[in-house]
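Subject: Structure handover

Hello,

Here is the structure I said I would pass on. Please look it over before reading my notes underneath.

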Amino acid sequence: MTQHTSGNTTTAPSTATAHQDHVTWFRNSSPYINAHRGRTFVVMISGEAVEEPGFDHIIHDLALLNSLGIRLVLVHGARPQISARLAARGIDSRFERHTRITDSAALECALDAVGAVRLRVEGLFSMGLANSPMHNASIQVVSGNFVIAKPVGVRDGFDYQHTGEVRRVQVEAIQRQLEIGNVVLLSPIGCSPTGELFNMNSEEVASTTAIALKADKIIYLGEDTGVEDAEGKLVREISPQEAGQLLAKEVITNPNTERQLTAACHAASNGVARAHLVNFREDGALLRELFTRDGCGTLVTRETYENIRGAYIEDVGGILELIRPLEEAGILVRRSRELLEAEIKRFTIIERDGMVIGCAALYPFSDGESGELACVAVHNDYRSSQRGHKLLAFIEKRARNQGMRSLYVLSTQTTHWFREQGFEPVSVDELPGERKSMYNYQRNSKVFRKAL
């Protein structure tokens with residue numbers, strides 16, 4: 001059936017596909033919705049993001065996070081706004097080591113700019129227009145003297161004057177606001193115990209606050225999609241040590257991204273499990289990073305986001321979900337849950353953020369010198385990423401450690417892949433006796449062997 005609208009032709013199946021894509025995305029995001037509920041996220045919004053035409057969409061997405069039960073601490077920047085006010089007054093901006101030297105005139109501009117940005121953020125969170133994402137939302141944004149500052153002082157002969165750094169974060173006061181569902185908004189202006197005001201680095205405010213709160217995540221919304229390596233490729237996941245090496249090589253040319261990555265490394269090295277760098281210009285990037293398996297930015301973490309390990313009984317459900325389509329296609333032999341549970345110690349899996357995306361099993365033969373590689377499967381979304389090779393290498397190492405000298409595999413539809421991995425075709429008669437007696441002649445699988 002074809003539907004006509006305003007001279008354009010759209011087909012019902014395409015609409016149905018779009019609806020199904022939406023349903024699939026929502027279902028796939030549910031584990032993350034459950035995992036994030038009640039967690040504390042610190043989100044740093046750069047001053048450049050505030051100037052974007054789509055900044056209100058970022059606020060709508062943050063409001064959505066709040067509605068899902070995520071405890072939000074926002075830290076806004078104001079660097080371009082301060083520079084613009086200084087330029088308007090004919091005052092040159094002075095920087096040393098990427099840090100602004102804030103004299104009395106610059107401090108006035110900083111206070112003006114920071115106040116304007118803070119009020120704009122609070123105003124957008126107060127939107128409640130009908131037919132808008134914020135309709136009927138009642139979100140309280142709380143600002144205050146939550147960050148105690150101290151002067152940077154004189155370094156390398158430069159007096160930074162009214163430029164400050166974090167001395168202490170009022171953790172208990174922030175926690176009280178988060179417990180009642182309020183969003184806490186922090187500015188890059190800090191108060192000192194003497195009543196002075198200091199202009200601070202917003203990236204440092206965000207990382208120090210995340211560490212003090214023992215936040216589950218810190219997210220930097222910046223100009224770049226994330227971090228790129230020396231070849232210009234987006235780095236999806238990186239450890240603080242690896243990031244430090246990139247920073248030392250001066251691969252990163254955007255000073256704002258450099259500051260954010262430095263702060264992310266500081267947070268990740270001091271107890272914050274995950275730090276994310278996301279592009280604020282990409283509509284919905286924040287939601288994609290938090291509610292999809294692969295995200296869309298760069299993750300800085302000391303934890304292993306993806307690893308290969310032996311399977312546990314709790315992994316049976318994930319393995320079944322992974323292999324079922326291959327069983328239905330006749331690529332793999334069907335296995336019941338009961339059989340999988342009984343043989344789970346034979347399995348190796350690739351786990352990515354709690355999901356089983358690859359598996360393989362190793363069955364030793366009674367001769368002690370050979371075994372069978374079976375049930376090799378990789379999730380469809382990851383088949384072009386060498387994970388099959390990683391699984392095979394892991395299984396081969398495991399087989400060698402058990403004293404095996406050769407590995408057999410039976411295949412009907414993936415014979416070329418095994419040939420490419422060094423397996424040679426052999427006859428059924430060359431199978432060890434116990435496996436030969438179980439051979440299914442109706443299935444007519446090809447037999448391959450690889451010397452270890």
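The notes below go from the whole chain to single elements.

Overall

Please keep in mind that this is a predicted model. The protein chain has 452 residues, and 46% of them count as buried. It contains 15 helices and 27 strands. Along the principal axes, the C-alpha atoms fill a box of roughly 90 × 65 × 40 Å. Taking the contacts with a separation of 6 or more, 70% come from residues 24 or more positions apart.

Strand 4 and its partners

Strand 4 covers residues 71-76, and six of its six residues are buried. Both faces of the strand are involved: Arg-71, Val-73 and Val-75 point one way, Leu-72, Leu-74 and His-76 point the other way, and all are buried. The buried set therefore includes Arg-71 and His-76, since buried here means under 20% relative accessible area.

Strand 4 pairs with strand 3 (residues 40-45) in the parallel sense, over six bridges. Within this pairing, Met-44 has Val-75 as its bridge partner. Strand 4 also pairs with strand 12 (residues 183-186), again in the parallel sense, over three bridges. Val-75 appears here too, standing opposite Leu-186 of strand 12.

Helix 4 against helix 5

Helix 4 (residues 79-88) packs against helix 5 (residues 104-125) at an angle of about 130 degrees, and their axes are 8 Å apart. The two helices are therefore oblique to each other, and their crossing is right-handed. On the helix 4 side the contact is made by Gln-81, Ile-82, Arg-85 and Leu-86. Helix 5 contributes Ala-105, Ala-106, Cys-109, Ala-110, Asp-112, Ala-113, Ala-116 and Val-117. By class, this contact has nine nonpolar residues, one polar and two charged.

Gly-244

Gly-244 sits in helix 8, which spans residues 240-248. Its relative accessible area is 31%, so Gly-244 is partly exposed. Thr-262 is 18 residues away along the chain, and the C-alpha atoms of Gly-244 and Thr-262 are 7.7 Å apart.

The seven-stranded sheet

Further along the chain there is an open sheet of seven strands in the order 21-22-23-24-25-27-26, with mixed pairing. Which strands stand at the edges? They are strand 21 (306-310) and strand 26 (424-426); each has a single partner strand, so one side of each has no neighbour in the sheet. On average, neighbouring strands are turned by 30 degrees against each other, direction ignored.

One of the pairings joins strand 25 (residues 406-411) to strand 27 (residues 446-451), antiparallel and over six bridges. In it, Leu-410 is matched with Val-447 of strand 27 as its bridge partner.

Two helices can be described relative to this sheet. Helix 11 (residues 316-328) lies across strand 22 (347-352), strand 23 (355-364) and strand 24 (370-378), and runs at about 85 degrees to strand 23. Helix 13 (residues 387-401) packs on the sheet and touches strand 21, strand 22, strand 23, strand 24, strand 25 and strand 27. The direction of helix 13 makes about 35 degrees with that of strand 23.

Regards

Conventions: Residues numbered from 1 in each chain as written. Predicted model: local features only at pLDDT ≥ 70, side-chain atom pairs only at ≥ 80, totals over all residues. Heavy atoms only, no water. Pairing = 2+ DSSP bridges. Helix = DSSP H or I, 4+ residues; strand = E, 2+ residues; numbered from the N terminus. Axes fitted to C-alpha atoms, helices over the stretch in contact; angles between N-to-C directions. Contact = heavy atoms within 4.5 Å. Parallel < 35°, antiparallel > 145°, perpendicular 65-115°, else oblique. Left-handed = near helix turned anticlockwise from the far one by under 90°. Nonpolar A, V, L, I, M, F, W, Y, C, P; charged D, E, K, R; others polar. Buried < 20%, exposed > 50% of the residue type's maximum accessible area, 1.4 Å probe, protein only.
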